[in-house]
Structure formats: C-alpha cells, structure tokens
Amino acid sequence: MCLESIKEGWKIGWHRVIGLDVCFLKGQCKGELLTTIGRDADNQIYPIAWVVVEVENKVNWKWFLELVSEDLSLDADKGLCVISDQHKVIIEATKEILPLVEHRQCARHIYAKFRKVYSGIEFRNMFWETEKSTTEGDYKINMERIKTLSQVDYDQLMPKDHHSWCMTYFGGGFACEAVDNGIVECFNAIIVDARKKPLLDMLEEIRLYMMERLYVKWDGDVREAALLKMEASGEDIRTWYAVPSGVNTYEIRNEFQSYGVDLVHHYCSCRLWEISGIPFVHAHVAILYINQDPKEFIST
C-alpha cells in the first residue's frame, strides 16, 4: 500500500530520507510487515508504504523496494538517504535496487551488539561521542580515546563501516542528522494493536491512522522541532563572536576554537548545518551579526 496523497506529498518536498524496517504480525494470520517510513519537514514520522509478506528475505525486500522506487520515481538514486538496521538482506536488496543511495546504519543496533560484551557508562559515552563527531579530526580523537580505554573495543569498532554510522561521513543536503532508525520503530509501536487483528482490519486501521495524521494544520514555513533545536544550541551563544572574512563569510571564534561559516551556501566547517539543515550556534552567531532572522536560514 502506497496511497496517492502520501506518494505525491513526499515527492513535493519532504526530506529525501527513508527508513526501512520490518515487524511481526501478532494475530492468527502470521507474517511480517515491511515498512518504508519518511520524514516530513519537521523530521517527524511520515509513513510512505507498507506491505504484508509471508517472510522477510532478500527476494521480498527487492520486490518491495522496486515498487517503492517506482511509486516515488526514484532512479538509482543518488539524492536519497536510506536508514536501516544491520540486517544483511536489507543492505543487499538496497544495493541492488538503489545502488547510489547513502545507506546509514542504525547506530543503536551497532552499540547494542557491543554492549552485550563491553558494557559500562564510560564506553557508552565514548561510543556516542564518536558516533556524533561531525569532523574527521574529532572522530579520530574520540576513536583514540576508545583505543586507550580498551584495545579490544577499538579493534571491534574499527572494522565497522564508519561511513555508514558516524556523522563525520554523512552527506549533506538531506536536512537530517538522524543516527538511528527510531522513527520506524515508533511507527511499529503505534500500530502494535492493529498488528493483532486480521489482515484487512489491520490495513484499514493503518489507513485511518494515516488519514488522521495527514490532517495537520501547518503554521508557518518552519516547523517547531527545528526551531527548538536551533534555540537549544544557542544557549552558549554569548561565548562566541564573529569575525568577517569576506562577503557573507565569517570566522566564528571563542577562546579555544574557531569555525568558518558561509551564509550563502549554508555551510559551517563543523558540518552540522550541512548535515541537519539547521544553523546551530556557529552559524547562528554569523546570522545575528548581520541582523537577520536565523529561522529564515533553516532548510526544510
């Protein structure tokens, strides 16, 4: 199922980021529900398509992705980001149907495997600091900290494809800094009662949920979540100041650090603006320097 209004809405302007996941049916009719979940302008849940299959395997995922690709008019697709867990069949099917996508691995699934063997608050904090590093320098520094703490943990973590789970290597232009696939699991939790019902009843309940969810009154061009993130990042804005270095380019400094900001190309050398589409503290300082409204610089 891929409803026409949902399909056309995604094409018009929602983020080109989709999550892939599967959940079990809990009623008398056994099977699995494959889902494709997008993100709206507020980076909130936007279910795109779902299908009931007898079993999750590569063949069914390829078939499902072929249908989704056709419905969304995807072509290969270089301008798309896919987020999934580490399930091998999803990775292989995606590579065959959408070979040019940026495929992010859910960091929570990666961490969960390490936590089974290497637990502890110190390692947990180091893992997430490494995962959320936005520059290669920070990534290497954090990896060295893990190596100092535990050579075994370091050797286990390094072979992982860091390009798919570390923000340092995420591409820009998606206006999404998501590092996990939680938004898909949220949808699975929402329909948990529906999954206990007969197939037609379940599909009808999902349709009604989507109809109600899409009936949302949008106030303004910028969504609340993006504004809240930007405002939260500006709590320490007083410690930074801008030094002009060209037309609409600035060096943003505090006592210990400096970053370059280009307001025309929506770029900060910390890369967070490029990845998230939100002008966080460094860009925020540059925008206020020219007496402009930071919310006008949010990419949605």
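In what order do the strands of the five-stranded open sheet stand? Select the five strands to see the order β3-β2-β1-β4-β5, with mixed pairing. This is a predicted model, in which local features need pLDDT of at least 70 and side-chain atom pairs count only at pLDDT 80 or more, while totals for chains, interfaces and linings use all residues. Residues are numbered from 1 along each chain as its sequence is written, and side-chain values use heavy atoms, with hydrogens and water left out.

Some terms apply throughout the tour. Helices (H or I, at least four residues) and strands (E, at least two) are DSSP runs, numbered from the N terminus. Two strands pair if DSSP finds at least two bridges between them.

**The five-stranded sheet**

Start at the edges of this sheet, with β3 (45-53) and β5 (102-105). Each has a single partner strand, so one side of each is left without a neighbour in the sheet. From one strand to the next, the twist averages 20°; axes are lines fitted to C-alpha atoms, for helices over the stretch in contact, and angles run from 0 to 180 degrees between N-to-C directions.

Next select β1 (residues 15-24) and β2 (residues 32-39), which pair in the antiparallel sense over eight bridges. Within this pair, Val22 has Leu34 of β2 as its bridge partner.

Add helix α3 (residues 88-97), which packs on the sheet and touches β1, β4 (81-84) and β5. Contact means heavy atoms within 4.5 Å. The direction of α3 makes about 170° with that of β5. Then add helix α9 (residues 199-214), which packs on the sheet against β2 and β3. The direction of α9 makes about 170° with that of β3.

Move to β4 and β5, which pair in the parallel sense over four bridges. The bridge partner of Val82 in β5 is His103. In a regular strand the side chains alternate between the two faces of the sheet. Show the side chains of β5: Glu102 and Arg104 point one way, His103 and Gln105 the other way, and all are buried. Buried means under 20% relative accessible area, exposed over 50%, and partly exposed in between (1.4 Å probe, protein chains only).

**Helices α2 and α3**

Keep α3 and select α2 (residues 58-71). How do their axes cross? They come within 9 Å and cross at roughly 45°, which makes α2 oblique to α3. Angles under 35 degrees count as roughly parallel, over 145 as roughly antiparallel, 65 to 115 as roughly perpendicular and the rest as oblique. The contact residues include Trp61 and Leu65 of α2 and Ile90, Ala93 and Ile97 of α3.

**Ile190**

Go to helix α8 (residues 182-190), where Ile190 is found. Ile190 is partly exposed, with a relative accessible area of 38%. Leaving aside residues up to four places away in sequence, Ile190 touches Ile45 and Tyr209. For a longer view, select Pro99 as well: Ile190 and Pro99 are 91 residues apart in sequence and 31 Å apart in space, C-alpha to C-alpha.

**The four-stranded sheet**

Now select the four strands that form an open, antiparallel sheet in the order β6-β7-β8-β9. Its edge strands are β6 (241-246) and β9 (267-268), each pairing on one side only. Strand β8 (residues 258-262) and β9 run antiparallel and are joined by two bridges. Asp262 stands opposite Tyr267 in β9. Helix α12 (residues 281-289) lies across β6, β7 (249-253), β8 and β9, at about 120° to β7.

**Cysteines**

Select the cysteines. How many disulfides does the structure hold? The structure holds zero disulfides, a disulfide being a pair of cysteine sulfur atoms within 2.5 Å. For Cys29, the closest cysteine sulfur is in Cys23, 15 Å away, too far for a bond. Cys29 is partly exposed, at 40% relative accessibility. Cys268 is also in no disulfide; the nearest cysteine sulfur, that of Cys270, is 3.5 Å away. Cys268 is buried, with a relative accessible area of 2%.

**Two positive phi values**

Most residues other than glycine have a negative phi. Select Arg271, in the loop between β9 and α11 (272-276). Its phi is near 75°, a positive value, and Arg271 is buried at 15% relative accessibility. Finish at Asn291, in the segment after α12. Phi of Asn291 is near 60°, again positive, and Asn291 is exposed at 71% relative accessibility.
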